[in-house]
Amino acid sequence: MGVTRRIIFPTIRLILWAVIALALVKMAFSGADLSQADDSLVPSAQVNEMHAEVSTATITNTVTVQGSVVSDPATPVKATMAGTVSKLLAAHGQQVEVDTPILEILLETPVEPTVTTNPETGEQTVTENKPKIKRETVKAATAGTLTLTALKDQIVSVGDAIGSVAPGTLSVSGTLTPEQQYRLLGAPTEAQVTLKGGPAPFACTGLKIGAAAQAGADANQSGSDNGGQAAATGAITCAVPAGVTAFPGLGADLEVVNGTAADALVVPVTAVQGSVQEGNVWIVLPDGASEKRAVKLGLTDGENVQITEGLATGDKVLQFVPVGDTVNLPCDQPGADYATCQA
């Protein structure tokens, strides 16, 4: 028993460790025969291009913009002549109408003295003349509440602000992305407005579209901070009608319907390169290949776009613009290459 414990067991352990070491060396330094690889491991997946069929539908171009209620800005009252404020014709806080007199400006222009000579003695007499006096009455250009900042006997120059008139009216204002501006070309003069927690939706008149308040670096910074979304480049406003109860700061949704077309030829917006007036699609040929085709564009609802020229009912197009053709798209159009636009 002592011989077995001292000699046989240690020998067996050495043999086992040697076998394990040889197996590990073979696994580490011997390679598999790739020529015998199973053909089933070869990648065989195919990418099938998705197609969309040109169909007819009723399409409505409805643009919804988030905005808020704002007080209409006060109209400044400016001096229309240089001189001295001689009279205050209206009081601070007074309700004024258009052409209400606000103050009077007086301008005294010196007149050279008159010199007369006695023909007999040659003596000269100098007579002082009264200055030439001109008066100008400054009137309110709009109706509202007057804020008067000028004082009596104050000297003013042409264009100096002497007060302002706040109309006391409200508007709904929001910002527009480039895509929304394109969709609102030729927009009507009113929008449907829904106030957050306010009365029933109402028609907001006097719709105006213009440049956004932010510009330049501020707008670019805004676009870079919102996850790649297009920065606001336009502004939309409309007047809250009298009789509608609203307060500055209330949130509001402006809904503008800018055209409806029945039985229009439509395709998904993802199939079109371009978003207004003219675009390109990739039509599917009978042999399965595709070719680029120019088309004329009409209304869009954000999901589908109307094709006014270039396609017929039943034509098939690629549902998505080919990747290689998105690089040159303007950054404000659907499908534009995000990495290129952010560079």
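The chain in this predicted model has four helices and 22 strands. Of its 343 residues, 28% count as buried, and the chain as a whole exposes about 21500 Å², of which carbon and sulfur atoms supply 56%. If we take the contacts in the chain with a separation of 6 or more, residues 24 or more positions apart account for 71% of them.

Let me turn to the interior. The largest nonpolar core has 20 residues, and the ones with the most contacts inside it are Val172, Val193, Leu195, Ile236 and Cys238. The elements that give two or more residues to this core are strand E2, residues 55-71, strand E13, residues 170-176, strand E14, residues 190-195, strand E15, residues 202-211, strand E16, residues 234-239, and strand E17, residues 251-268. For those of you with the structure open, Ile236 is a good residue to click on: leaving aside residues up to four places away in sequence, Ile236 touches a list of residues that includes Val65, Val172, Leu176, Leu184, Leu207, Ile209, Leu254 and Val256. The list for Ile236 also takes in Ser173, Gly174 and Lys208. There is, besides, a second and separate core of 17 residues, which includes Val96, Leu103, Ile105 and Ile162.

Next, one of the sheets. Four strands form an open sheet in the order E9-E6-E4-E11, and the pairing is antiparallel. E9 and strand E11, residues 155-156, stand at the edges with a single partner strand each, so one side of each is left without a neighbour in the sheet. Between E6 and E9 the antiparallel pairing runs over eight bridges, and, to give you a point of register, Glu108 has Ile133 in E9 as its bridge partner.

That brings me to the charged pairs. As a general matter, side chains of opposite charge can pair when their charged atoms come close. A search of the whole structure finds five salt bridges, and I would like to walk through some of them.

Glu104 forms a salt bridge with Arg135, with the closest N and O atoms 3.6 Å apart. Glu104 lies in strand E6, residues 101-109, and Arg135 lies in strand E9, residues 132-139, so this pair ties together parts that are 31 residues apart in sequence. Is each partner buried or exposed? Glu104 is buried, because its relative accessible area is 10%, which falls under the 20% limit, whereas Arg135, at 51% relative accessibility, counts as exposed.

Glu179 and Arg183 form another salt bridge, their closest N and O atoms being 3.7 Å apart. Here both residues lie in helix H2, residues 178-183, and they are four residues apart, about one turn of the helix. Glu179 counts as partly exposed at 25% relative accessibility, while Arg183 is buried, with a relative accessible area of 12%.

Then there is the salt bridge in which the side chains of Asp253 and Lys196 meet, at 3.0 Å from N to O. Asp253 lies in strand E17 and Lys196 in the loop between E14 and E15, so the pair ties together parts that are 57 residues apart in sequence. Asp253 counts as partly exposed at 22% relative accessibility, and Lys196 counts as partly exposed at 44%.

While we are at helix H2, please also look at Tyr182, which lies in that helix and is partly exposed, with a relative accessible area of 37%. The C-alpha atoms of Tyr182 and Ser275 are separated by 8.2 Å, although these two residues are 93 residues apart along the chain.

A word on a hairpin. Strand E7, residues 114-117, and strand E8, residues 124-127, pair in the antiparallel sense over four bridges, and within that pairing Val115 stands opposite Val126 in E8. The hairpin has six residues between the strands, and Gly122 takes a positive phi there, near 75 degrees.

Finally, the surface. Which residues form a nonpolar patch on it? Ile7, Ile8, Phe9, Ile12 and Leu16 do, with about 470 Å² of accessible area together. Phe9 is found in helix H1, residues 2-29, and at 44% relative accessibility Phe9 counts as partly exposed.

Methods:
Residues numbered from 1 in each chain as written. Predicted model: local features only at pLDDT ≥ 70, side-chain atom pairs only at ≥ 80, totals over all residues. Heavy atoms only, no water. Core = buried A, V, L, I, M, F, W, Y, C linked by side-chain atoms within 4.5 Å. Buried < 20%, exposed > 50% of the residue type's maximum accessible area, 1.4 Å probe, protein only. Contact = heavy atoms within 4.5 Å. Salt bridge = Lys/Arg side-chain N within 4 Å of Asp/Glu carboxyl O. Pairing = 2+ DSSP bridges. Patch = residues over 30% accessible without salt bridge, like charges linked within 9 Å, V, L, I, M, F, W, Y side chains within 5 Å. Areas by Shrake-Rupley, 256 points an atom, 1.4 Å probe, with all protein chains shown as cover.
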